[in-house]
Amino acid sequence: MSEQSGSIFNRKKPRLEVTPKADIHDGENKFKALVQDVSDTGLAFVCNRSWPQGKLVDMTIYFPQGIVTCEIEVRHSTE
């Protein structure tokens with residue numbers, strides 16, 4: 001587990017360690033992304049491509065244990 005999963009950060013659930021690599025497919029093109037944070041309620045990532053909020057895109061995340069492919073809804077965060 002990461003250092004941030006300790007009790008001093010008061011997290012209800014520990015963060016997962018991930019390899020910060022992912023691909024995003026928007027139906028026409030594939031873009032590289034960096035995964036910043038993953039929990040059982042969502043994930044945060046950065047990508048050079050911007051999509052409108054609410055757009056559904058396919059994401060492939062490369063975990064050390066294997067590959068996960070999912071459909072995500074784009075949400076924008078200023079944090």
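Let me start with strand 1, residues 22-25, and strand 2, residues 30-39, which run antiparallel and are joined by four bridges; please keep in mind throughout that this is a predicted model. Within that pairing, Ala22 stands opposite Ala33 in strand 2. The two strands form a hairpin with four residues between them, and in this hairpin Gly27 takes a positive phi near 100°.

Strand 1 has a second partner to consider, because four bridges also join strand 1 to strand 4, and these two again run antiparallel. Ala22 takes part here as well, with Ile61 as its bridge partner in strand 4.

Moving on to strand 4, residues 56-63, we find that it pairs with strand 5, residues 66-73, in the antiparallel sense over eight bridges. Strand 4 and strand 5 form a hairpin too, with two residues between them, and one of the facing positions is Asp58, which stands opposite Glu71 in strand 5.

Now to Tyr62, which lies in strand 4. Along the chain Tyr62 and Ala22 are 40 residues apart, yet their C-alpha atoms are separated by 6.0 Å. The side chain of Tyr62 also reaches that of Asp23, through a polar contact of 2.6 Å. As for solvent, Tyr62 has a relative accessibility of 30% and therefore counts as partly exposed.

Asp23 deserves a little more time. Which side chain meets that of Asp23 in a salt bridge? The partner is Lys32, with a distance of 3.0 Å from N to O. The two ends of this salt bridge sit in contrasting surroundings, for Asp23 is buried, with a relative accessible area of 3%, whereas Lys32 is exposed, with a relative accessible area of 60%. In general terms, side chains of opposite charge can pair when their charged atoms come close.

How many salt bridges does the count come to? It comes to two, and besides the one just described there is a salt bridge between the side chains of Arg75 and Glu73, at 3.9 Å from N to O. Since the cut-off is 4 Å, that distance falls within it. Arg75 is exposed, with a relative accessible area of 60%, while Glu73 is partly exposed, at 44%.

Turning to the aromatic residues, a search of the whole structure finds one aromatic pair. The ring centres of Phe31 and Trp51 are 5.6 Å apart and the ring planes stand at 80°, so the pair is edge-to-face. This pair links distant parts of the chain, since Phe31 belongs to strand 2 and Trp51 to the loop between strand 3, residues 42-47, and strand 4, with their positions 20 residues apart in the numbering. Are these two residues buried or exposed? Trp51 is buried, with a relative accessible area of 4%, whereas Phe31, at 22% relative accessibility, counts as partly exposed, because the limit for buried is under 20%.

Finally, a word on the cysteines. A disulfide is a covalent bond between the sulfur atoms of two cysteines, and for this model the search of the whole structure finds zero disulfides. Cys47 is partly exposed, with a relative accessible area of 22%, and Cys70, at 26% relative accessibility, counts as partly exposed.

Key: Residues are numbered from 1 along each chain as its sequence is written. This is a predicted model: local features need pLDDT of at least 70, side-chain atom pairs count only at pLDDT 80 or more; totals for chains, interfaces and linings use all residues. Side-chain values use heavy atoms; hydrogens and water are left out. Rings of Phe, Tyr and Trp (its six-membered ring) pair if their centres lie within 6.5 Å; planes under 30 degrees apart count as stacked, over 60 as edge-to-face and the rest as tilted. Buried means under 20% relative accessible area, exposed over 50%, partly exposed in between (1.4 Å probe, protein chains only). A disulfide is a pair of cysteine sulfur atoms within 2.5 Å. A polar contact is a pair of N or O atoms within 3.5 Å; within protein, one must be able to donate a hydrogen and the other to accept it, and residues adjacent in sequence count only if both atoms are side-chain atoms.
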